[in-house]
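Hi,

Here is the structure I promised to pass on. Have a look at it first, and then read my notes below.

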Amino acid sequence: MSARNFIEIVRERGFINQVTDEAGLTARFAEGPVAAYIGFDATADSLHVGHLVPIMLLRWLATTGNRPVVLMGGGTTKIGDPSGRDETRMILTEERIEENKRSILRAFDNLLTFGDKPGTAIMLDNAEWLDQLRYIPFLREVGRHFSVNRMLTMDSVRLRLERDQPLTFIEFNYMLLQSYDFVELNRRQGVTLQMGGSDQWGNIVLGVDLLRRMDQKEAFGLTVPLITTASGAKMGKTAAGAVWLNADRVSPYDYWQFWRNAEDADVGRFLALFTELPMDEVRRLGALQGSEVNEAKKILATEATALLHGRAAADQAAETARLAFEQGAAAETLPTITAALPATLADLLVSAGLAASKGEARRLVAQNGIRLNDDTVSDAQRAVTADDLRDGAAKLSAGRKKHVLVRAA
């Protein structure tokens, strides 16, 4: 697979939202390998499914013989990106940022290979240069290239002001720092392409412009679309919360289940974005209808899980699901919680993440959607006791697809 095919591949698979100069970028790829970066701020101790589209873009960049650069935002996290938010981000301590960075890096273990060879990635931290900046020289060298009039038109600023939400001066500086990252990465690693989510378009365009103004260098920007489900929900949000990429936040089994529970209309699109199956196979699976679409969902779940957690974990999750769904077995590899018993069924459903609230738990029970040890339960206030344990655990099930083992604390 040649480097020049990168744009064709990611366009066919649905990754491209906007490009600053697609003809120029395509020509640049034709000249030889391109170094491109995506930044990830350390605002939490794990990335989530919403970050997967840009990460997959980096993976395709490596697959086509180019140079992916993962930029950790050790510096920009201290400011906080205002994009897409009404409230100011919490200011994190430097110790917390370092802890988050170390935890986030685990998500890349199977997704990217880091090294010096072609097709491998490099990881940098913008704290390396941002922490060293002196304020007055920075304003003279970088700030003079920014028009406040133009900055006020950027969505991250304009939308906040239109909704009469406060925008701190420290947040207003974020776009200067992100733009300066592009300049530093070009000088240090020859990076000529910045990529990111659609909400980063304004910051990316400013970075392209700053590199041209400061160093007279040609550069490009590319964004991926905001992914929503067919029903319009934000990708990666569930009743139990965000779908995190780290296994200690969301187990491989639960991650597999997230993809297995995709809406029918999303299967083809998700196969193109979140797996590396050939597009002919993606189109075949995406065209399946009726009960056959369930087989496509299992393939989606297994392939997506294998990319993040490895093939062995994906196959184990698929087998656990087969045992739980097709045989009704309380497999030992099901996700497990511990709880003080006795406890009401409603409380356990919430603790297990099978219901978002006690009200939802009562509704699920009323709809005959909850089973205890494979028996339908009719009372949400039913006490689950030690007598309900089978081989040390009781199996809670919500519908046919979600199962959790409960062990006594």
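First, a term you will need: a nonpolar core is a set of buried Ala, Val, Leu, Ile, Met, Phe, Trp, Tyr and Cys residues joined through side-chain atoms within 4.5 Å. Buried here means under 20% relative accessible area. Keep in mind that this is a predicted model.

With that in hand, the largest nonpolar core has 76 residues, and Met195 and Trp259 are the ones that touch the most other members. Helix 3 gives the most to this core, with eight residues. If you want to see what surrounds Met195, look for its contacts with Phe6, Ala36, Tyr37, Ile38, Leu57, Leu58, Leu61, Ile204 and Leu222, leaving out residues up to four places away in sequence. Another core lies apart from the largest one; it has 31 residues, including Leu71, Phe138, Val191 and Leu206.

Next, the empty space. How many cavities of 30 Å³ or more does a search of the whole structure find? The search finds one, and its volume is about 40 Å³. Its lining is made up of Leu52, Met56, Leu111, Tyr255, Phe274, Ala304, Leu307 and Leu308. Helix 3 (52–63) and helix 15 (293–309) are the elements that give two or more residues to that lining, and helix 15 gives the most, with three. By class, the lining has eight nonpolar residues and no polar or charged ones.

Helix 12 is worth a look too. Seven of the nine residues in helix 12 (residues 252–260) are buried, so this helix is largely enclosed by the rest of the structure. The buried ones are Tyr253, Tyr255, Trp256, Gln257, Phe258, Trp259 and Arg260. You have met two of those names already: Tyr255 lines the cavity, and Trp259 is in the largest core.

Tyr255 also turns up beside His309, a residue of helix 15. Is His309 buried or exposed? With a relative accessible area of 17%, His309 is buried. Leaving aside neighbours within four places in sequence, His309 is in contact with Asn110, Leu245, Ala247, Val250, Pro252 and Tyr255.

Another buried residue to find is Gly73, in strand 3 (residues 67–73). Its relative accessibility is 2%, so Gly73 counts as buried. Not counting residues up to four places away in sequence, Gly73 touches Phe40, Asp41, Ala42, Asp125 and Asn126.

Now for a sheet. Five strands form an open sheet with mixed pairing, in the order 9-15-14-11-12. Strand 9 (336–339) and strand 12 (375–376) are the edge strands, so to speak the two that each pair on one side only. Strand 14 (residues 394–398) and strand 15 (residues 402–408) run antiparallel and are joined by five bridges. Across that pair, Lys395 stands opposite Leu405 in strand 15.

Finally, some backbone oddities. The peptide bond from Leu341 to Pro342 is cis, with omega near 5 degrees, and Pro342 sits in the loop between strand 9 and strand 10 (343–344). Gln216 is not a glycine, yet its phi is positive, near 55 degrees. You will find Gln216 in the loop between helix 11 (201–215) and strand 6 (220–224), and at 61% relative accessibility it counts as exposed. Asn368 also has a positive phi, near 60 degrees. Asn368 lies in the loop between helix 18 (358–366) and strand 11 (370–372) and is exposed, with a relative accessible area of 53%.

Have fun exploring!

Note on methods:
Residues numbered from 1 in each chain as written. Predicted model: local features only at pLDDT ≥ 70, side-chain atom pairs only at ≥ 80, totals over all residues. Heavy atoms only, no water. 1 Å grid on protein atoms, 1.4 Å probe; cavity = no way out; pocket = protein on both sides within 12 Å on 5 of 7 lines; lining within 4 Å. Points joined across faces, edges and corners; volume = space filled by probe spheres on them. Helix = DSSP H or I, 4+ residues; strand = E, 2+ residues; numbered from the N terminus. Nonpolar A, V, L, I, M, F, W, Y, C, P; charged D, E, K, R; others polar. Pairing = 2+ DSSP bridges. Buried < 20%, exposed > 50% of the residue type's maximum accessible area, 1.4 Å probe, protein only. Contact = heavy atoms within 4.5 Å.
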